[in-house]
Amino acid sequence: MDLASVLILLIVMGAAAFFITRFMGGPRLICTRCDGTGHVDEKWADPSKPGGWHKLEGKCPKCKGKGKV
Ligand SMILES: [Zn+2]
């Protein structure tokens, strides 16, 4: 088996794994912002906001509280 065949095989396997997890009821991606909890508690310096702080507590705006995206 030459290098091109190995690469094609890897791509096919990667695509198959992607579609299996996507369409066969595999685990969905957990929200990276709230780590799957659906709730966020964020505070960091943000000079563009009044008071100089960005604050966010409660429902995660990225996944809308579901914990998954
Ligand atoms: Zn989230």
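**Exercise 1: contacts along the chain**

Among contacts in the chain between residues at least 6 apart in sequence, find what percentage join residues at least 24 apart.

*Solution.* Start with the term: two residues are in contact if their C-beta atoms, placed from the backbone, lie within 7 Å. With the contacts limited to residues at least 6 apart in sequence, 46% of them join residues at least 24 apart.

Before you go on, two notes on the model. It is predicted, so local features need pLDDT of at least 70 and side-chain atom pairs count only at pLDDT 80 or more, while totals for chains, interfaces and linings use all residues. Residues are numbered from 1 along each chain as its sequence is written.

**Exercise 2: elements and overall form**

Work out which elements the chain has, and whether the chain is spread out or a compact globule.

*Solution.* Step one is to count: the chain holds one helix and two strands. (These are DSSP runs, numbered from the N terminus: H or I over at least four residues for a helix, E over at least two for a strand.) Step two is their order, which from the N terminus on is α-β-β. Step three compares two numbers: the radius of gyration of the chain is 20 Å, well over the 11 Å that the globule rule gives for 69 residues, so the chain is more spread out than a compact globule. (The radius is taken over C-alpha atoms, and the rule is 2.2 Å times the number of residues to the power 0.38.) Finally, look at the C-alpha trace, which spans about 65 × 30 × 10 Å along its principal axes.

**Exercise 3: the two strands**

Describe how β1 and β2 are joined, and decide whether β1 lies in the open or is buried.

*Solution.* First find the strands: β1 covers residues 39–45, and β2 covers residues 53–59. They run antiparallel, with seven bridges joining them; for strands to pair, DSSP must find at least two bridges between them. Next, pick out partners: E42 stands opposite L56 in β2, and K43 faces K55 there. A helpful general idea is that side chains in a regular strand alternate between the two faces of the sheet.

Now for burial. A residue is buried if 20 or more other C-beta atoms lie within 10 Å of its own, exposed if 12 or fewer, and partly exposed in between, with C-beta atoms placed from the backbone. Of the seven residues of β1, zero are buried, so this strand lies largely in the open. In β2 the number buried is also zero out of seven, so β2 lies largely in the open too. Over the chain, buried residues make up 6% of the 69 residues.

**Exercise 4: single residues**

Say where V6, D35 and K64 are found, and whether V6 is buried or exposed.

*Solution.* Begin with V6, which sits in helix α1 (residues 3–23). V6 has 10 other C-beta atoms within 10 Å and is therefore exposed. Next comes D35, in the loop between α1 and β1. D35 has a phi near 60°, a positive value in a residue other than glycine. The C-alpha atoms of V6 and D35 are separated by 36 Å, with their positions 29 residues apart along the chain. Last, K64 belongs to the segment after β2. K64 also has a positive phi, about 60°, although it is not a glycine.
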